[in-house]
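The following exchange goes through a structure and the contact between its chains. The sequence and the model come first.

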2 protein chains.
Amino acid sequence: MRNPILIELTRGSLVESAHAGVVAVTRADGGLVAAVGDAQAPVFPRSAIKPLQALPFLETGAVQRFGLGPAEIAVACASHSGTPRHVGVVEGLLAKAGLTPAALGCGVHEPFDAAVAREMIRRGEQPTSLHHNCSGKHAAMLATAAHLGEPTDGYWLPDHPVQVRIRRVLEAMTGCSLSPQVCGIDGCSVPNWAMPPAALAGAFARFATGAGLTPQRAGDCARIFAACTACSDLVAGPGRFDTLIMQRLPGKVLVKTGAEGVYCGALRDAGLGFALKIEDGAKRASEAVAAHIIARFHPEAQEMAPDAVLRNWRGLDVGRVRATPELEAMLTASTAR
Amino acid sequence: MRNPILIELTRGSLVESAHAGVVAVTRADGGLVAAVGDAQAPVFPRSAIKPLQALPFLETGAVQRFGLGPAEIAVACASHSGTPRHVGVVEGLLAKAGLTPAALGCGVHEPFDAAVAREMIRRGEQPTSLHHNCSGKHAAMLATAAHLGEPTDGYWLPDHPVQVRIRRVLEAMTGCSLSPQVCGIDGCSVPNWAMPPAALAGAFARFATGAGLTPQRAGDCARIFAACTACSDLVAGPGRFDTLIMQRLPGKVLVKTGAEGVYCGALRDAGLGFALKIEDGAKRASEAVAAHIIARFHPEAQEMAPDAVLRNWRGLDVGRVRATPELEAMLTASTAR
């Protein structure tokens with residue numbers, strides 16, 4: 001099955017480019033409220049499931065043991081921008097767990113935040129693994145291993161207890177069976193398992209509502225939800241969509257972007273989760289679709305959902321980013337209850 | 001019509017992302033040799049037609065009048081990297097025509113070349129319009145206007161003589177009628193007209209062979225072809241695909257990338273042109289398809305045509321970029337004559 005076109009970019013009076021994809025909007029009981037595209041075909045959720053991957057960090061008692069709070073929980077769920085604030089919270093998390101940045105296995109890239117990256121170049125500073133957008137997740141994995149007396153070396157391998165625990169949590173939250181056949185290696189070297197968007201959306205609905213979860217797990221989900229929405233600057237960074245939308249709708253939505261055009265979110269008041277994947281991996285389309293979904297449930301965030309004007313290097317209006325009728329139909333169905 | 005998937009990216013044992021698109025391979029007489037997707041639906045060629053847009057620069061006598069040579073012709077066809085060498089050639093072109101960079105209407109962005117951009121940040125230097133990847137094309141447009149005594153102000157507007165001449169050349173080379181209905185504003189603010197890939201490919205075949213052109217136009221096309229292939233470092237820049245493939249096959253192919261996943265090329269020995277557009281605009285896919293086409297005609301460039309390994313931030317092998325059976329079938333058809 002080919003997924004339908006969801007987002008079009010126009011230039012002049014013609015469509016220049018188009019992005020196909022799949023979206024699922026699901027209740028906590030797993031019921032599919034609305035979908036467009038093949039919501040049962042597995043997709044790699046990449047970083048969009050970091051809030052779920054953070055559950056063992058709380059459930060094992062690591063957060064409590066090391067005296068950690070909302071900031072450290074939020075950065076554990078982050079694809080952060082590598083600002084001094086992000087780096088400081090990650091370094092603090094590691095230090096409180098008796099660890100150093102040398103234990104991080106995520107790799108190194110320049111900070112996502114362009115201004116911070118420029119300032120580092122200006123000063124002649126090299127990025128470290130702390131600047132990697134996944135360093136908070138890795139620090140939480142390391143702290144969990146340290147808390148339980150497990151080896152910290154190799155914590156990124158699929159058969160390390162840290163990753164086995166995460167796989168079991170993901171299976172419980174999504175209802176999926178995660179075999180090696182659906183396992184890939186993520187950009188930051190930890191395992192990532194492909195799952196249907198419908199199941200991912202259901203997991204986010206359960207995450208936001210606690211429905212069907214044990215009281216302890218529901219409580220830990222609520223703590224993560226509260227930490228990410230309260231410290232939304234730590235989950236992404238200045239000017240980024242995830243941070244802006246969570247600031248615009250405080251405590252109402254948890255959203256998380258992932259590489260290759262994936263996006264997951266929880267709409268707490270509606271009791272729904274959503275998951276989407278743009279077939280070609282384009283962030284410009286995944287964020288546009290996420291904005292349309294959220295604005296349908298929260299009209300006060302309408303200004304973040306384009307029909308956006310495309311401008312060129314001189315600021316001239318050259319075209320539009322717009323939702324297709326197929327996406328509009330799914331949006332209408334999602335609220336027609 | 002939906003265009004077929006041409007390029008897939010795998011992670012583990014699954015396809016993670018996919019890019020749909022259209023390709024046409026055409027003879028100089030306009031005969032379509034092979035195609036995949038809707039080769040008759042107009043696409044914006046963007047910067048991929050700069051070698052055609054440069055024709056009036058030669059045909060009006062501007063190049064001869066100002067004593068310009070292959071370097072200035074190549075940079076007029078460039079989406080260049082903004083290195084000191086590119087900036088120097090563009091500035092020299094303007095100076096020889098009695099103009100200054102203040103006349104450029106392309107806008108400003110940082111150099112595409114990451115090392116040059118870093119060095120400028122380190123030194124606290126701001127980019128200028130000379131660093132814009134299209135500054136050479138704009139300088140050639142300005143020089144043409146100056147040569148003919150036309151106003152240089154507003155040279156980017158569709159009804160300025162500079163743009164009218166370019167439109168007529170494009171119509172003659174492609175056989176298309178370019179009405180305002182298919183006109184968009186390009187990233188650098190000049191008009192860009194949507195044309196079918198089959199027609200664009202035919203224009204590049206005529207460009208490389210001279211077939212069906214007047215002797216003067218055929219000669220000017222040959223001069224542009226020779227300039228771009230001899231000075232391929234000026235057409236793009238260090239490490240970029242256009243430059244690398246023209247260096248690998250000296251004098252045999254002219255290739256030109258455009259924004260939003262467009263690619264045009266001329267295969268001189270085969271007497272063919274090709275044009276392609278990735279539906280979602282992804283350069284990673286347009287370059288992969290171009291590499292596959294060129295390698296089919298020039299096996300000595302096979303190493304530039306992946307099945308490429310995808311590596312993550314730690315250098316681990318996480319997946320592949322590969323051609324689909326639909327693209328493979330088109331490639332086979334293109335050489336089965």
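Questions and answers on the two chains follow.

This is a predicted model, in which local features need pLDDT of at least 70 and side-chain atom pairs count only at pLDDT 80 or more, while totals for chains, interfaces and linings use all residues. Residues are numbered from 1 along each chain as its sequence is written, chains are lettered from A and ligands numbered from 1 in the order written, and side-chain values use heavy atoms, without hydrogens and water.

Reader: What relates chain B to chain A?
Author: Copies are superposed by least squares on the C-alpha atoms of residues with pLDDT of at least 70 in both. A turn of 180° with a shift of 0.0 Å along the axis lays chain B on chain A at an RMSD of 0.0 Å. The two copies are therefore related as by a two-fold rotation axis.

Reader: Which C-alpha of chain B is nearest the axis?
Author: The axis in question is that of the 180° turn laying chain B on chain A. In chain B, the nearest C-alpha lies 2.2 Å from the axis and belongs to B:R122.

Reader: How many residues does each chain bring to the contact?
Author: Contact means heavy atoms within 4.5 Å. In chain A, 100% of the contact residues of chain B recur. Chain B and chain A each give 48 residues.

Reader: What area is buried between chain B and chain A?
Author: Buried area is the accessible area (1.4 Å probe) that two parts lose on being put together, summed over both. Carbon and sulfur atoms give 50% of it. B:R2, B:W313 and B:R314 supply 17% of the area that chain B buries against chain A, more than any other three residues. The area between the chains is about 3,900 Å².

Reader: How many salt bridges are there between chain B and chain A?
Author: A salt bridge is a side-chain nitrogen of Lys or Arg within 4 Å of a carboxyl oxygen of Asp or Glu. A:R118 and B:E110 meet in one, at 2.2 Å from N to O. Over all chains the structure holds 40; between chain B and chain A the count is six.

Reader: Which element gives the most to the side of chain B that touches chain A?
Author: Helices (H or I, at least four residues) and strands (E, at least two) are DSSP runs, numbered from the N terminus. Elements supplying at least two residues each include α6 (114-123) and β10 (317-323) of chain B. With six residues, the element that gives the most is β2(B).

Reader: What separates A:E119 and A:R123?
Author: Their side chains meet in a salt bridge (3.1 Å, N to O). Because A:E119 and A:R123 are four residues apart in helix α6 of chain A, the separation is about one helical turn.
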